[in-house]
Amino acid sequence: MTDWYPIGTRLVARDLWVTVPLDWNEPAGETIRVFAREVTEVTKRDADLPLLVFLQGGPGGKSPRPLEADGWLGDAVTRFRVILPDQRGTGRSTPLSARSFEGLDAAAGAKLLAQHRQDSIVRDFEALREEHFSGRQWWTLGQSYGGFLTLQYLSHFPESVVASAITGGLPSIDPDPAVVYSRTFPRIAEKNRQFRARHPHLVERISRVADMLEREDVRLPGGDRLTVRRLQTLGFDFGMQPGFDRVHWIFDEAFADEAETELSATFLATVEAETGFATNPLFIALQEAIYGPGPSSWAAQAERERHPEFAESARPLNFTGETVFPWMFEEIGALTGIQAAVNHLAANPQPIETYDHEQLARNEVPVEAAVYFDDMYVDAQLSLDTASRVQGVHAWVTNEYEHDGLRLGNVAPRLFDALEVRLGGSPSARN
C-alpha cells in the first residue's frame, strides 16, 4: 500500500497490491501480483464510507485511469470508497503478453490463458478484499464482462457482496458461444445498415479501400499486411454510442490524394492502432473461452460462414462486431505469439468454476441491471432470461443507451439509487 496521491482536483488515490497463486488449484505453486487503486474524494479520504469494487469489462481489462472526478466515478466517490483493480494479466497486474508464451507448448499456453478467466479473477478480488479491507463486504459495479464477474461472485462468494449493479453485461447463465453469436450477427448486420444510413457518402469510399486491399499488398507501419478482413474489424466500435462517427472519421482521411488512389499515412496508422490489440491481447485471446470449459470451436467463425453478407468480397462491405476469428492470430503481429495457445484452447476443454444455478436461484444479494435493448454485444433476451432465473435481479430495459451507457449517461446513479432504496435508503444500509 502506497501513500495517497492526487488525481485531478477532487480525488486522491493509493496503490494496493496482493500476491496470489497463478493457479488457484495449486496455492503453493507459482504466484503473480494483482494491482488495484483505491480512489476517494479529497475531503472524504478518512471518512467511513462503504466500499465499491469496479468489475471492469473485457475479458482482459484493466481498470480506468481517471483524470478527474467525472462520469460514473464522479457520482460514485460521493457515496463510496472506489476500488479499481486491474484484472490479472492486465495493466500492472503481472501483465500477460505474447512473450509470456515463449517456451510453452500449445497445451501449456492454453492452460495459462485459461488461468486468466473469471473464476480466477474473482478469487483474486477476494484476496484483495481480505488483505486490505479486513474482509469487509463491498458493493460491486460490473460493466459488460463485469456482469460475468458479478454472477461468478454471486455464485461462489455471495456473503462478500452488499449489493450489485450491472451495466450492459447481464450474461446468460447457460453460457454457449454458438448461441451468443447466432444472436449477435443479425444485430451486427443491422448496425452496418444504420452506419450506411448515417454516412451514405462513405459507402463507395469504403468499397474503394477494400478493393485496393484485395489488389495490393498494403502494409501498416508496423509491417503487418492490411487485409480486408482486418479492415472489417473496425466494426468492434459499432456497439458504442460514438462508434459510427469514430469510424467515419477514420475513413474521412483514408486517402492521401484527390484521385483517391493512395492510402494516407494517417489512415494506416489509425487502422493499425484500432485493429492491432497490442495493449489488450487477452481481450482477443479469451473472447470465446469465457463462456465455459469449451471447446468453443471458433464459434464466431462458424457463424460468420453462415452469413455471406460478411464475406470480404461483399459490397457494400460489412464490418464485423465483437467477434474473434482464427486468422487474427496469423495476421496481427501482437497476437501471433499466442496462436498455438489460442488454437489449443479453442479445440480442447479447460475446466472452469462456472455459475452455481442453485445458489443463483436463491440469491439474496440485491442486483440492479441496466439491459440495453439494442446492445450489439449482449443479447437483451438472454439477459432477461437470466433476470428471471436469478433471485433478486431487477432489470431496467432501455434503448436510450448503447453498450457504453455507463460512461456517457447517468446509468450508475440510477442503479445505485435503486439499490439504496432496496437496502433501506440510509447511509448505514450501504455498509
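A salt bridge here is a side-chain nitrogen of Lys or Arg within 4 Å of a carboxyl oxygen of Asp or Glu. By that rule the count comes to 37 salt bridges. The model is predicted, so local features need pLDDT of at least 70, side-chain atom pairs count only at pLDDT 80 or more, and totals for chains, interfaces and linings use all residues. Residues are numbered from 1 along each chain as its sequence is written, and side-chain values use heavy atoms, with hydrogens and water left out.

**Stop 1: salt bridges**

Select Arg 123 and Glu 353. Their closest N and O atoms are 3.5 Å apart, and the two form a salt bridge. Arg 123 lies in helix 3 (residues 118-133) and Glu 353 in the loop between helix 13 (339-347) and helix 14 (357-361), so this pair ties together parts that are 230 residues apart in sequence. Helices (H or I, at least four residues) and strands (E, at least two) are DSSP runs, numbered from the N terminus. Arg 123 counts as partly exposed at 29% relative accessibility, and Glu 353 counts as partly exposed at 29%. Buried means under 20% relative accessible area, exposed over 50%, and partly exposed in between (1.4 Å probe, protein chains only).

Next, select Asp 385 and Arg 389, whose side chains meet in a salt bridge (2.9 Å, N to O). They are four residues apart in helix 15 (residues 380-389), and therefore separated by about one helical turn. Asp 385 is partly exposed, with a relative accessible area of 30%. Then select Asp 75, Arg 79, Asp 417 and Glu 420, which are joined into one network by salt bridges that share partners.

Now go to Asp 46 and Arg 45, another salt bridge (3.7 Å, N to O). Asp 46 is exposed, with a relative accessible area of 66%, while Arg 45 counts as partly exposed at 35%.

**Stop 2: aromatic rings**

Rings of Phe, Tyr and Trp (its six-membered ring) pair if their centres lie within 6.5 Å; planes under 30 degrees apart count as stacked, over 60 as edge-to-face and the rest as tilted. The count comes to 23 aromatic pairs. Select Phe 251 and Phe 319: the ring centres are 6.0 Å apart and the planes are at 65°, so the pair is edge-to-face. Phe 251 is in helix 8 (residues 243-252) and Phe 319 in the loop between helix 11 (299-304) and helix 12 (328-331), 68 residues apart. Phe 251 counts as buried at 0% relative accessibility, and Phe 319 is buried at 1%. Extend the selection to Phe 195, Phe 238, Phe 244 and Phe 267, which ring pairs link with Phe 251 and Phe 319 into a cluster.

**Stop 3: charges over rings**

A charge sits over a ring if NZ of Lys or CZ of Arg is within 6 Å of the ring centre and within 35 degrees of the ring normal. Select Arg 92, which lies over the face of Phe 35 at 4.2 Å from the ring centre. Then select Arg 414, whose charged end sits over the ring of Trp 396, 3.9 Å from its centre.

**Stop 4: helix 9**

Select residues 265-275, which make up helix 9; its buried residues are Phe 267, Leu 268, Val 271 and Thr 275. They cover an arc of only 95° around the axis, which puts them on the same side of helix 9; the arc is that of the directions from the helix axis to the C-beta atoms. The face turned away from the buried side carries the exposed residues Ala 265 and Ala 273. Show helix 6 (203-215), helix 7 (228-232) and helix 8 too, since the buried residues of helix 9 pack against them (contact means heavy atoms within 4.5 Å). End at Phe 277, just after helix 9, which takes a positive phi of about 55°.
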